[in-house]
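Please open the model in your viewer and keep the selection panel within reach, as each stop below begins with something to select and then says what is there.

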Amino acid sequence: MTKPQVIKKEQEISEISKYMSESSITVLTDYRGLDVAEVTELRAKLREAGVKYKVAKNTLIKIAAHNLGITDLDKYLEGPTAIAFSADPVALAKILVEFAKTHNDLEVKSGLLDKKLMGAEELKELAKLPPREVLLGKVIGAMQSPLYGFAGSLAGLLRKFVYALDQIKEQKAQA
């Protein structure tokens, strides 16, 4: 190999390592059988969700993963491989699972969720979760609910106190 080729491969390994370390989810796919228009459609959907999608050589992915201490992906690095990186696991899972339903040639091989190995079936289960924003809304709603109840209870106590004071005032006025 010439020096520029070596440098290019080192840069690609560095880029893959960087994306893997910064992403909460990394998914390996086999895109064999998809035509250019289908791959372009998939890339556009992934790009809209802020997902990085890259076709890379298995040896480079393997080296990048090993640099991060990840060896679980080795058995899935066969055949053509494209790798997707995202900070939002649910969004990536939804896009890939939905796309695979209409395009049988896209195969999800495996993935890493917070550096833990995840199979294709687990990715399908992850895709069933509501989006991040909805989950955050539910958490905030659950946190606010007791506060609203507490505020309502305090308001009720204040009303009863004011009502009691009003009754005392009326009794003194009559006497």
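**Starting at strand S1**

Select Asp 30 together with Glu 107, since the bridge partner of Asp 30 in S4 is Glu 107. Before going further, please keep in mind that this is a predicted model.

Now extend the selection to the whole of strand S1, residues 25-30, and to strand S4, residues 107-113. S1 and S4 run antiparallel and are joined by 6 bridges. Add strand S3, residues 82-86, and you will find that S1 is also joined to S3, again antiparallel, by 5 bridges. To locate this second pairing, select Thr 29, whose bridge partner in S3 is Ala 82.

With S1 still selected, show its side chains and consider its two faces. In a regular strand the side chains alternate between the two faces of the sheet. Ile 25, Val 27 and Thr 29 lie on one side of S1, whereas Thr 26, Leu 28 and Asp 30 lie on the other, and both sets are buried, so that both faces of the strand are covered. Because 6 of the 6 residues of S1 are buried, the strand is largely enclosed by the rest of the structure.

**Charged side chains around Asp 30**

Return to Asp 30 and show Arg 32 beside it: the two form a salt bridge in which the closest N and O atoms are 2.8 Å apart. Asp 30 has a relative accessible area of 6%, and is therefore counted as buried.

Next, select Lys 109, which is found in strand S4. Which side chain of opposite charge is nearest to Lys 109? That side chain is Asp 30, at 5.0 Å, and Lys 109, although buried, has no salt bridge. The cut-off for a salt bridge is a nitrogen to oxygen distance within 4 Å. If you display the contacts of Lys 109, leaving aside its neighbours within four places in sequence, you will find residues including Leu 28, Thr 29 and Asp 30, as well as Tyr 76, Glu 78 and Ala 120.

**From helix H1 to strand S2**

Side chains of opposite charge can pair when their charged atoms come close. A search of the whole structure finds 6 salt bridges, and a further one to visit is that between the side chains of Glu 15 and Lys 54, at 3.2 Å from N to O. Glu 15 lies in helix H1, residues 3-22, and Lys 54 in strand S2, residues 52-55, so this pair ties together parts that are 39 residues apart in sequence. Are these two side chains buried or exposed? Glu 15 counts as partly exposed, at 31% relative accessibility, while Lys 54 counts as buried, at 19%.

Staying in strand S2, select Lys 52, which counts as partly exposed at 41% relative accessibility. Apart from its neighbours within four places in sequence, Lys 52 is in contact with Tyr 19, Ile 83, Ala 84 and Phe 85. For a distance to display here, take the C-alpha atoms of Lys 52 and Ile 83, which are 8.1 Å apart in space although the residues are 31 apart in sequence.

**The loop after S4**

Move to the loop between S4 and strand S5 (116-118), and select Asp 114. Asp 114 has a positive phi of about 50° although it is not a glycine, and at 49% relative accessibility it counts as partly exposed. Then select Lys 115, which is in the loop between S4 and S5 as well. Lys 115 likewise has a positive phi, of about 70°, without being a glycine, and with a relative accessible area of 35% it is partly exposed.

**Helices H5 and H6**

In helix H5, residues 120-127, select Glu 121 and Lys 124, which are 3 residues apart and thus separated by about one helical turn. Their side chains meet in a salt bridge of 3.5 Å, N to O. Glu 121 counts as exposed, at 53% relative accessibility, whereas Lys 124 is partly exposed, with a relative accessible area of 40%.

For the last stop, select Phe 161, Val 162, Leu 165 and Ile 168, and switch on the surface: these residues form a nonpolar patch there, with about 390 Å² of accessible area together. Ile 168 has its place in helix H6, residues 132-174, and counts as partly exposed at 43% relative accessibility.

Definitions and conventions. Residues are numbered from 1 along each chain as its sequence is written. This is a predicted model: local features need pLDDT of at least 70, side-chain atom pairs count only at pLDDT 80 or more; totals for chains, interfaces and linings use all residues. Side-chain values use heavy atoms; hydrogens and water are left out. Helices (H or I, at least four residues) and strands (E, at least two) are DSSP runs, numbered from the N terminus. Buried means under 20% relative accessible area, exposed over 50%, partly exposed in between (1.4 Å probe, protein chains only). Contact means heavy atoms within 4.5 Å. Lys and Arg count as positive and Asp and Glu as negative; His and the chain ends are not counted. Two strands pair if DSSP finds at least two bridges between them. Patches are made of residues with over 30% relative accessible area and no salt bridge: like charges are joined within 9 Å, nonpolar side chains (Val, Leu, Ile, Met, Phe, Trp, Tyr) within 5 Å. Accessible areas come from the Shrake-Rupley method with a 1.4 Å probe; for residues, only the protein chains shown count as cover.
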